[in-house]
Amino acid sequence: MINGKRGFVFLGLAAVLTVLFGFAGESMAAKKYTLQLAGAYPSTGGTPRALATEKIKELVEAKSEGNITVNIYLDSQLGGDREILEGCQFGDISMVAQTTAPQVAFIPELAVFDIPMLFDDLDVARKTFVGPFRAELNKWYEKAGLKLLLFEPIYYRETTSSRALEKIDDFKGLKIRTMENEYHMAFWKALGANPTPLNFAELYVALQQGLVDAQENPYEIIWASKFYEVQKYLTNTHHIAFILSVTMNKDMYDGMPDDYKAIIDESMKEASDFLFDLAKSKNDEMLASLEKVGMNVETPNAELKAELKKAAATVENMIRKNVGDGVVDSIIKASESAKK
């Protein structure tokens, strides 16, 4: 890992423009770029995120006929989520792939994606992120010096537990491991649970020993971490959409020739479609696998779902106070339109 805001010296410029400079108006082949694409998530396991990262490299390099090279750095090779996003802002890293959660510190408006129970399903979420709301998203990222290239909902955060969660009373006193996120914690408190931030590396043992009763993560993480060995129940709470974004340093993007920018844009659109379809397929596979190994899978009934939405309203009010009614209203309007 490389520490420090300017600690990416070994990379040189984030986009390395080779010495093939010619006269003005020279063809696309006259200039070559090397772009870094960094992520803090694992490169192994054949996950949709890792495969989509490879797809981006494949598409960009093929469409540019080798004039744009994309070098991938996953597994936190260039730092954690915060470090790589700072590196992208400074132009030391060309592109970054990550979820929205660590970006809220840089783009406060992204807190809207911490509103629970916002999307009925991932297809609705995807339709929300186009049109007028996508234009809003683009502006939020641009204020932070970033160009938003890809923005895809790929999973939901679901809930596993040592006891069945069939009605609101079942949540009372539930010790649930959450991220150290004030909005996530407020949601579980509103349900009567006891949210407990805990290092992810310690979670399996904590579940095994009963130090916590429950946790919430996408199917993929539940499966890969073998939480089914220490948790009997899986409730499809679908409470928060898990979104993957790919951003690029805006000045770098703006400085590229128009035909290069078109290649980047086209590649990201194709990679988005690939990622969404793959994630949907993998979600179905993972859920079937979790059922096969013996987890009791439940979907909240109408009464419990209403209680989940009631608790979500508490978080929505918090976020309205912190980022403004206009920001929250924009995503709610877009999501309602996407349901039609």
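Asn67 lies in the loop between α1 and β2 of this predicted model. With a relative accessible area of 4%, Asn67 is buried, because that value falls under 20%. The C-alpha atoms of Asn67 and Lys127 are 33 Å apart in space, and the two residues are 60 places apart in sequence.

Glu65 occupies the loop between α1 and β2, the latter covering residues 68–73. Its relative accessibility is 70%, so Glu65 counts as exposed. The backbone of Glu65 has a positive phi of about 55°, although the residue is not a glycine. Ser76 is likewise not a glycine and has a positive phi, in this case of about 60°. Ser76 belongs to the loop between β2 and α2. A further positive phi, of about 90°, is found at Gly91, just after α2.

Helix α1 itself spans residues 48–63 and contains Glu58. At 46% relative accessibility, Glu58 counts as partly exposed, because the value lies between the 20% and 50% limits. From Glu58 to Arg320 the C-alpha distance is 41 Å, with a separation of 262 residues in sequence.

Helix α2 has a buried portion: Ile84, Leu85, Glu86, Gly87 and Cys88 are buried there. Which elements cover these residues? The cover of the buried residues of α2 includes β1 (33–38), β3 (95–99), β4 and β8.

The nonpolar interior may be considered next. The largest nonpolar core comprises 59 residues, and those with the most contacts inside it are Val112, Phe113, Phe119, Leu137, Phe171 and Ile319. Two or more residues are given to this core by each of α2 (81–90), α3 (122–128), α4 (131–143), β4 (146–161), α5 (182–190), β8 (233–249), α10 (302–323) and α11 (325–338). The largest share, 7 residues, comes from α10. Apart from this core lies another one, of 32 residues, including Leu149, Ile154, Leu244 and Ile263.

Phe119 illustrates how the larger core draws on separate parts of the chain. Leaving out residues up to four places away in sequence, Phe119 touches Val124, Ala125, Thr128, Phe129, Tyr156, Ala241, Ile331 and Ser335.

Two of the helices that contribute to the largest core, α10 and α11, also pack against each other. Two packed helices are described by the angle between their axes and the distance between the axes. The axes of α10 and α11 come within 7 Å and cross at roughly 130°. This angle makes α10 oblique to α11. On the α10 side the contact involves Glu316, Ile319, Arg320 and Val323, which meet Asp325, Val327, Val328, Asp329 and Ile332 of α11. By class, the contact has 5 nonpolar, no polar and 4 charged residues. Two of these residues also appear elsewhere in this account: Ile319 is among those with the most contacts inside the largest core, and Arg320 is the residue whose C-alpha atom lies 41 Å from that of Glu58.

Aromatic side chains deserve separate attention. The count comes to 14 aromatic pairs. A pair of aromatic rings is described by the distance of the centres and the angle of the planes. How are the rings of Phe129 and Phe151 arranged? Their centres are 5.0 Å apart and their planes stand at 80°, so the pair is edge-to-face. This pair links distant parts of the chain: Phe129 is in the loop between α3 and α4, whereas Phe151 is in strand β4, 22 residues away. Both Phe129 and Phe151 are buried. They belong to one aromatic cluster that is formed by Phe113, Phe119, Phe129, Phe133, Trp140, Tyr141 and Phe151. Within this cluster, Phe113 and Phe119 are also among the residues with the most contacts in the largest nonpolar core.

Another phenylalanine, Phe227, is found in the loop between α7 (219–224) and β8. Is Phe227 buried or exposed? At 1% relative accessibility, Phe227 counts as buried. Leaving aside its neighbours within four places in sequence, Phe227 is in contact with Phe200, Leu203, Tyr204, Leu207, Gln215, Asn217, Ile221 and Ile222. One of these contacts, Leu203, is 24 residues from Phe227 along the chain, and the C-alpha atoms of the two are separated by 9.0 Å.

Terms used
Residues are numbered from 1 along each chain as its sequence is written. Side-chain values use heavy atoms; hydrogens and water are left out. A nonpolar core is a set of buried Ala, Val, Leu, Ile, Met, Phe, Trp, Tyr and Cys residues joined through side-chain atoms within 4.5 Å. Buried means under 20% relative accessible area, exposed over 50%, partly exposed in between (1.4 Å probe, protein chains only). Helices (H or I, at least four residues) and strands (E, at least two) are DSSP runs, numbered from the N terminus. Contact means heavy atoms within 4.5 Å. Axes are lines fitted to C-alpha atoms, for helices over the stretch in contact, and angles run from 0 to 180 degrees between N-to-C directions. Angles under 35 degrees count as roughly parallel, over 145 as roughly antiparallel, 65 to 115 as roughly perpendicular and the rest as oblique. Ala, Val, Leu, Ile, Met, Phe, Trp, Tyr, Cys and Pro count as nonpolar, Asp, Glu, Lys and Arg as charged, and the others, Gly among them, as polar. Rings of Phe, Tyr and Trp (its six-membered ring) pair if their centres lie within 6.5 Å; planes under 30 degrees apart count as stacked, over 60 as edge-to-face and the rest as tilted.
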